[in-house]
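User: Please take a close look at one part of this model, namely the spans that a database record marks as crossing the membrane, and then set that part beside the rest of the structure. I would like a connected account, with a note on how far the prediction can be trusted.

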Amino acid sequence: MYKKLSFLILLIVLASCDPPGDYAIKIKEDKSSGKSFWSTPDFAFAEWEIEGNNMRDSIFWAKTEIILKDNILDKKPLGIAVNSFGAYEMYWDDVLLGTNGTPGQELLTGKVGETDRYFYIPNELATVGKHHLTMRISQYYFPGYDRYIGIYFGNHEQIIRNPLELTALIHILAGAFLITFLYYLLLFINDRKNIPALLFSISCLLFFMLIIMEYLKFYVPIHYSNFLVRLETIGVLTLLISFLIPFYFSIQFSIPWRKLVFVLYGGLLLFIFIKFRGSYDFTARSLAQSMWLISIVMVSIAAFYRNKGAVIVLIGLIASALVDYFLYYDVSLFLSFTIILLCMLYMLSAKMKEEKFVYEQSLIRSERLKNELLKKKIQPHFLMNTLTSLMDWVEESPKKSVQFIEALAEEFNMLNQIEDQTLIPITQEIALCKSLLKIMSYRKETKYIWNDFNIDVTKKIPPAVIHTLVENGITHCSPSSKGAIVFELMYYEEERFNGYELITIGTIRKPNKPVAERTGTKYIKSRLQESYRDQWQFISEATEKGWKNEIRIYR
Amino acid sequence: MQILIIEDELRIAKRLKRMIQTFFRSLLCEVHHVDTLDEGLQFIADHKIDLLCLDLNLNGENGFEMLKQAVAGSFQTIIISAYRERAIEAFEYGVLDFVPKPFTQERIDQAFHRIINEKSAHLSTRYLAIKRKGGIYLIKTEDVLYIKGADVYAELVLKNGITALHNKTLESLVQILSSDFERIHKSYIVNMTEVKGISIEPGSKYSLELNSGEFLPIGRTKYKEIKSKWFE
């Protein structure tokens with residue numbers, strides 16, 4: 001795919017390297033109102049003004065000299081492509097080649113003629129030597145504009161075909177962007193959270209429209225009075241693209257202060273757009289340069305913080321800026337934008353891969369957690385110690401051992417019920433804790449007291465999380481002087497989060513042992529991550545009252 | 001006999017204590033119980049004990065750390081644990097027995113018989129732990145050439161000529177060492193894989209010739225047994 005793309009880009013570069021014709025055009029006002037001709041002695045060519053003046057609402061002459069050498073004759077039949085505002089007649093020496101509207105009659109005839117016109121030079125007129133190419137023009141629709149005329153000279157067929165060939169190639173590119181736009185739009189519709197896909201999709205659409213608008217002139221006749229509409233449209237498209245692309249990168253690289261930066265940046269773009277309105281190429285260039293500047297700064301920051309993919313995108317951005325700097329504008333615009341869009345696509349696919357990986361990891365985690373929960377029931381430490389105690393109780397007091405077995409059955413029964421779930425009612429979790437305490441009181445012959453406050457019975461929690469904290473409390477605390485270990489569970493709601501606080505009141509055996517090393521901490525964190533995806537916090541610390549565990553779930 | 005139980009479950013500790021007392025019935029024995037490793041280490045430092053009953057999972061702490069220190073002591077160690085899969089490892093460190101939970105009086109009796117029985121139990125001990133300069137070092141039993149009794153200690157003579165003192169008596173060591181080791185004299189235990197042959201000297205003095213060229217005396221009462229077991 002990259003090979004094909006680079007081949008396409010090469011073709012575009014080659015096809016567009018033909019520079020515009022470089023002919024010295026001079027102009028002179030026609031004060032004779034059509035009675036005299038350009039070749040009369042009054043119109044001495046040396047005294048004509050150079051092109052670029054404002055002729056207000058008068059009719060004027062425009063002329064250039066073309067010298068045909070021997071070698072040009074191979075290119076017969078010859079033709080001329082003209083890119084110019086106004087209604088005009090075109091002369092080759094004294095012969096009228098054709099007209100583009102009627103000069104001086106524009107307002108009467110309506111909008112006749114096109115901005116881009118092609119004229120055929122009959123073979124018998126294309127002789128070796130000096131020739132005059134002359135136009136008689138009026139520009140009533142934009143009398144206040146300076147006069148500029150673009151002339152391209154060559155084989156008649158070629159000068160018509162060349163821009164169409166380029167257009168065809170560029171439109172293949174446009175088609176690719178149209179499909180990409182649709183694909184990512186559908187992707188976004190199916191996953192509304194995927195804002196980068198939406199931004200990328202819009203960028204592709206804008207870019208598609210930009211290409212179409214840019215090349216429209218080669219196959220849709222546009223009267224010069226409508227030509228600025230096209231340029232305005234191109235300006236607006238460039239403005240939007242210049243905003244969207246850096247915004248996209250800022251989201252992909254999680255750039256801080258994004259909102260503020262983009263309010264300011266948007267303001268700058270609008271300022272450029274309004275301030276330089278009318279000088280279209282300059283505006284487009286300034287907008288594009290602002291875009292590069294801010295994108296490169298942001299991606300550099302991302303690269304500095306070792307954000308994944310930032311270096312590749314940075315290289316792409318610099319490459320596209322270099323392309324823009326060194327190549328002819330019409331080409332560079334597409335080439336450099338294509339590089340940027342490829343960078344965006346790269347980021348999108350990299351993120352997709354990352355998300356897929358995270359998703360797969362979450363599946364694995366869920367399986368593992370299910371396993372761990374299962375293991376809780378049958379892990380030898382719990383089971384064998386319980387059975388040993390049970391043997392002893394059986395030998396000592398059949399009545400008490402029956403109660404012990406009941407408590408054990410209850411615990412197993414509850415673990416069975418929850419083993420497949422990721423969230424269970426808090427009441428079920430509390431029941432699980434209580435039954436564990438009952439079992440442990442038979443094993444350790446310690447008094448365990450459970451208290452809970454302010455419990456919202458509608459709330460859910462990942463299974464065996466508080467249960468694990470209670471196990472920890474039993475393991476890491478010994479009874480206080482009163483001979484009991486007390487567990488206090490409290491639910492509370494803050495502005496940004498809900499929380500559970502479990503305090504184990506007893507003597508902490510090793511207060512300085514790191515929390516991370518305590519049994520089950522990993523299990524708790526994995527369970528919270530599974531259900532709340534980074535929107536949680538687990539705090540575990542020694543306090544004066546006893547060991548405190550806090551689980552915060554952010555809204 | 002002084003016995004220490006390190007066990008964090010009170011019910012189980014009480015059961016064990018009762019069973020030990022049942023076993024020793026007539027013998028004078030005193031059983032102590034602590035429920036954390038730290039307390040256990042402190043108790044061993046302050047008292048002379050003959051036997052340690054150790055649980056391998058204590059309040060979430062790994063009892064193996066404790067085990068390494070315990071096996072270097074003069075007393076024997078019996079593991080009482082739920083983790084059967086760690087039995088082999090425990091034996092390699094030189095414990096006298098590994099009693100899996102849940103246990104019965106019969107199983108406890110079987111373990112404690114090893115204490116009063118002087119004969120080797122032919123265990124799979126692979127390491128002997130010695131205390132030196134405040135640290136615990138593990139010596140591979142296959143590196144030991146012979147062991148010489150020295151009062152209440154034992155002197156390990158290694159193949160490379162180095163000697164090291166072990167806190168256990170020869171009586172205790174012979175109980176835990178593998179079948180490669182034979183007590184040939186009241187003061188010697190020999191690694192029989194390093195033996196060349198028996199030599200008889202005038203006056204019915206028997207000695208064992210080692211591959212290293214050394215000669216060790218064979219006890220008069222042991223000669224017959226050793227000859228029939230190893231050289232016929």
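Analyst: Helices here are DSSP runs of H or I with at least four residues, and strands are runs of E with at least two. The model is predicted, and an unreviewed UniProt entry lists "transmembrane region" for residues 168-188, 195-216, 228-249, 261-280, 286-305, 310-327 and 333-350 of chain A. Two of these spans can be described more fully: residues 261-280 of chain A are 80% helix and 0% strand, with their end C-alpha atoms 26 Å apart, while residues 310-327 of chain A are 94% helix and 0% strand, with 25 Å between the end C-alpha atoms.

For a closer view of a single residue, A:Cys204 lies in helix α4 of chain A, which covers residues 195-215. A:Cys204 counts as buried because 24 C-beta neighbours lie inside 10 Å, where the cut-off for a buried residue is 20 or more. Setting aside neighbours within four places in sequence, the contacts of A:Cys204 are A:Phe177, A:Thr180, A:Phe181, A:Tyr184 and A:Leu341. A:Phe337 stands 133 residues away from A:Cys204 along the chain, yet their C-alpha atoms are separated by 10.0 Å.

As for confidence, chain A has a mean pLDDT of 84, and 91% of its residues reach 70 or more. Among the elements of chain A, strand β10 (residues 424-425) has the highest mean pLDDT, 94, and helix α1 (residues 2-15) the lowest, 43. Over residues 1-20 of chain A the pLDDT is below 50, although this stretch has 21 contacts in the model beyond near neighbours in sequence.

Chain A also meets a partner, since 17 of its residues are in contact with 14 residues of chain B. On the side of chain B that touches chain A, helix α1 (residues 10-24) of chain B gives the most, with four residues, and the residues of that side divide into six nonpolar, four polar and four charged.

Elsewhere in chain B, five strands form an open sheet in the order β12-β11-β10-β14-β13, with antiparallel pairing. Strands β12 (163-166) and β13 (181-185) of chain B stand at the edges with a single partner strand each, so one side of each has no neighbour in the sheet. Neighbouring strands of this sheet are turned by 25° against each other on average, direction ignored. Within the sheet, β10 (residues 144-150) and β11 (residues 153-158) of chain B pair in the antiparallel sense over six bridges, and B:Ala150 has B:Tyr153 in β11 as its bridge partner.

Conventions: Residues numbered from 1 in each chain as written. Chains lettered and ligands numbered in written order. Predicted model: local features only at pLDDT ≥ 70, side-chain atom pairs only at ≥ 80, totals over all residues. pLDDT = per-residue confidence, 0-100. Contact = placed C-beta atoms within 7 Å. Buried ≥ 20, exposed ≤ 12 C-beta atoms within 10 Å, placed from the backbone. Nonpolar A, V, L, I, M, F, W, Y, C, P; charged D, E, K, R; others polar. Pairing = 2+ DSSP bridges. Axes fitted to C-alpha atoms, helices over the stretch in contact; angles between N-to-C directions. UniProt positions renumbered as here; feature names shortened; annotations may be inferred.
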